[in-house]
Amino acid sequence: MFLSAAALILLFFDSPIFSSPVIVREQEFPINISKDLEYIEDEKGEFTFDQVRGKDAGAWKRIGADNVNFGYTRSAYWFRFTIEDVRISQGRLLLEIDFPTLDYVDFYYAGSRGWYEVIQTGDRRSFFTREIADSKFIFSLNSLTVNDTFFLRIDNGGSLRFRSLIHSDSSFIEERNLYLTFFWFIYGILMFSVVFYFFLFIYLRDRIYIYFSFFTLSLILYQISFRGFAFQFLWPLYPHFGNFVTLILPSCIGIFSALFLRNILNTRSTNNVLHMFFSLFGLVIFPVLAVLSLFLSYHMAALMRYYTIFFYGLLILPSVGYYMRRGNRFARYFLSGFVILVITNVVTTFMVLNLIPSTRFIEWSNDSGFILIILFSSLGLVDRFKTTNDDLLDSQQSLNEKNRMLILANEELAATNEELEAMNEEFEAQNRELIESEKALAASEAELKDIFNSSHDMFVIHDPGGKILNVNNRMLENLGLSREQALSMSVTDISVPDADLSMGPDYWKRVLDGEDLLFEWKVRRPSDQSEFYVEVGLKKLIWRDRDVILASIRDLTERKSAEAERENVRNQLVQSQKMEAVGTLAGGIAHDFNNVLSGIIGSLNLVDLLIRKEKIENEPEIYEYLGTALESSIRAADMTKQLLTLSRKSELKMKPVLIQNSLKHVMNICRSSFPKSVELNYICDEQPLFIYADPSQIDHAILNLCVNASHSMTLMRGDAVRQGGVLTVEVSAVQPDNQFSLRHREALPDIPYAAVRVKDTGVGIDEETVSRIFEPFFTTKSHSTGTGLGLAITYGIISQHGGFITVDSVPGEGSVFTIYLPRVDEAAIGLPDEKPEIITGTGLILVIDDEKTILRVTAGMLKKCGYDVITAAKPDEGVEIYRREYANVSAVILDHAMPGMSGIEVYKALKSINPQVKVILCSGFMDDSSMQNAIDSGITEFMSKPYNFEDLSHKLKEIIGFPRNYFLKKTCYYSKCK
């Protein structure tokens, strides 16, 4: 008892004297005691509790406001307050510190044993250090005497602001029920929108909705973290995670808002500057800010977060306003919500920086701004739905109207056809009448029957001396003469000057003696001095009681042209047969060459794998040579594809292609093969330009143009002209506009193109030749230097890829060929950074191939993948092995072309043994008919030779279906392993 009294006396004399204690009365809860707090700043955080208690009254300063707000500070602060409880009920009192993200909160109270005890908590300590489990800091004020003094030590790395409230049990429960109901109701609705837009993305595959879903989810997570609920329910044992999340989540909000706005406003197609702005913030600034938050102090990272978001918000306002002025409906909704969010964020930022006082309204203004921006954005998306639906309905109505008009047009067309049939019958009747009239006219005009018996031949009546007596109209039309002019001429006047005119009198004498003659002659038109061949038939005729000569003349121009065309076609047929023979030879060479390459590439893969397991000398140099060998083998495989293309035995293998790489490849070929007199100039756009194409085909097409350009500056020049010039190859991006579409009718609307221009300073092409240069077998080169197929093949390749070619040329100055190919979006391309992993497995694999090299290499690959292997060099041997071991064989790797039995025949034999046999058919090439036969027989898995380690292991994974979950070490490209 004596000790207790002494302790109380000591406590009384040691405690500081307070001027104005907080008086607690009935029916006044909650009580805001923030203005009654007194504080001392501990700049270095070195004061002990005893030191603070011992400071005199002059060292303490009074808050004097309803909120404590020191803004961003690195100091710790000590607070003290005194409570005088004058209630009758004497129920439990609770102290609330309502800012959940304070790092360290130490609460000192007078214990029952006469000295101060402490409760140490905060969001940098475990949640379970809290006396009362709540998102905010709640302390029980028990066993109050007349005047109880309490101390708080608060140290926070961010903004130091809070309110201090006194609650009774009932007021605390009432306020919590209201607060939690409101909070979880509002954020439950927002969480529902997250799920809704996520499933909307899955259904529509529109990235707008997944960005908006993640944007809303980031807002929700940030708010529940800021309000302390995340610490209470999600990571109570990991206090350091709370500060980390409150720094990362605002960056996530910025990332997904920027990507959402970039897509919903379609900035890529409408404004490149704004597209770069949103991309910069969404893909660079906010991600960098998130990463820096891991390394900077919380104080510095929080300041960077506030200032970055503040600057980002200021830039969004004019950007969205720009689209609103352009009539974008979504921009109106978003701008309405965003203006409110900006205002609330500015107010909150000023409060955090202690530029304005903190109030309950300001504390919750940020939540209201977030909720409103989500609400207005959702309304904008709903309006977007409605607008799209209205457009679809309008399109449907327009289509229905067009269908109705088409039906009416068809009815009118049917009626018109009936009228035409009636008119045709009438015409036939009139035609029959006309024929009868012509017969009657012919009978009455017997004198002219022999002259005008054919309207397609020319007739001339001349005397034995050659003077023209009469001609038909066809003759006058063909020679361009009037009848008076013709009758004043002689036959020699319409013959070519260098003709043997002595033949005329001799022929005429023979005709007059009764002989009919037929021969070829060359006639000259007096009107324009042009010459043409004719076939002349001479016959004696009695005309007006005198012997004359009738010359029947037939124009041979068409016949001569037809004969020349037939000769040209014959030459083309011979050339085509040569090309077919070359194609057949190419296919055979490709088959054998692919078998050789399969052994080479497979062996290189195995050597690479074996070397990696051993520590050897000169490893980098060996890898360099291995890389060179593999690269050369792959280039050889590409050359094989060119041969298959020539033989028309390969299909297009489309994939994303960086057009700059194709041009560099072609230019390397040109540098090593073109004459030194041809200067090569390569101009490349720095922007990566991707197309969807078969790389070898595109290389082939561009190389053809470069070869033609080189020939125009060398082979096609005369001997007296200096050979050589400048070949310029340029690649650039083209964004079509109205003028582009008008100039190029082949261009698809709103499709970006990659343009490849091949310009030379050669002989040029005249306008008539330009119109025919893409015709097969047409060439202006000599037969020894050109086939006429290069540009035709190029035209076909570019057309297959959805592109087109233009030609501009000036004879004597040079030509420009421009290829336009549709570009694809780089962001939509999933280009692998590494080669695929080698997947191991188990099981017994049967390999049937007549090439022993391929058997040996394939067996080595399979064994390295973990499989057991049986090989067979003959088809019948493979069938017999499978007959014995089919119960243990997991899959069969089967060559397509083998002596004795084809791969398809072997497959049918295997299938008769086991209908469930799993087969991979391999071939150096397969034409369309062979591929269709394989599919019809039931084969579904194919591999092209040469194949590598990764392709083989992945294909076996697909066909066997249950490999072990173990991967060999990744095999990287040799150029990246140095």
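The following exercises, each with a worked solution, concern a predicted model.

**Exercise 1. Strand 16 and its partner**

Task: Determine which side chains of strand 16 are buried, and identify the bridge partner of Lys522 in strand 17.

Solution:
- Step 1. In a regular strand, side chains alternate between the two faces of the sheet.
- Step 2. Strand 16 covers residues 517-524, and its side chains follow such an alternation. Leu517, Phe519, Trp521 and Val523 point to one face and are buried. Leu518, Glu520, Lys522 and Arg524 point to the other face and are not buried.
- Step 3. Strand 16 is joined to strand 17 (residues 531-542) by 8 bridges, and the two run antiparallel.
- Step 4. Within this pairing, Lys522 has Tyr533 of strand 17 as its bridge partner.
- Step 5. The hairpin of these two strands has 6 residues between the strands, and Gln529 takes a positive phi near 65 degrees there.

**Exercise 2. An open sheet and its helices**

Task: State the strand order of the open sheet of 5 strands, explain why strand 27 and strand 30 each have one side without a neighbour, and describe how helix 24 and helix 26 are placed.

Solution:
- Step 1. The order is 27-26-28-29-30, with parallel pairing.
- Step 2. Strand 27 (868-872) and strand 30 (941-944) stand at the edges; each has a single partner strand, so one side of each lacks a neighbour in the sheet.
- Step 3. From one strand to the next, the twist averages 20 degrees.
- Step 4. Strand 26 (residues 844-848) pairs with strand 28 (residues 889-895) over 5 bridges in the parallel sense. Here Leu846 stands opposite Val892 of strand 28.
- Step 5. Helix 24 (residues 903-913) packs on the sheet and touches strand 26, strand 28 and strand 29 (919-923). The direction of helix 24 makes about 155 degrees with that of strand 28.
- Step 6. Helix 26 (residues 949-960) lies across strand 26, strand 28, strand 29 and strand 30, and runs at about 175 degrees to strand 30.

**Exercise 3. A pair of helices**

Task: Describe the packing of helix 6 and helix 9, giving the angle and the distance between their axes.

Solution:
- Step 1. Helix 6 (residues 240-264) packs with helix 9 (residues 298-325) at an angle of about 20 degrees, and the axes are 10 Å apart.
- Step 2. Angles under 35 degrees count as roughly parallel. Helix 6 and helix 9 are therefore roughly parallel to each other.
- Step 3. The crossing of helix 6 past helix 9 is left-handed.
- Step 4. Residues of helix 6 in this contact include Leu247, Pro250 and Gly254, while those of helix 9 include Ala302, Arg305 and Ile309.
- Step 5. By class, the contact has 10 nonpolar, 4 polar and 1 charged residues.

Key
Residues numbered from 1 in each chain as written. Predicted model: local features only at pLDDT ≥ 70, side-chain atom pairs only at ≥ 80, totals over all residues. Heavy atoms only, no water. Buried < 20%, exposed > 50% of the residue type's maximum accessible area, 1.4 Å probe, protein only. Helix = DSSP H or I, 4+ residues; strand = E, 2+ residues; numbered from the N terminus. Pairing = 2+ DSSP bridges. Axes fitted to C-alpha atoms, helices over the stretch in contact; angles between N-to-C directions. Contact = heavy atoms within 4.5 Å. Parallel < 35°, antiparallel > 145°, perpendicular 65-115°, else oblique. Left-handed = near helix turned anticlockwise from the far one by under 90°. Nonpolar A, V, L, I, M, F, W, Y, C, P; charged D, E, K, R; others polar.
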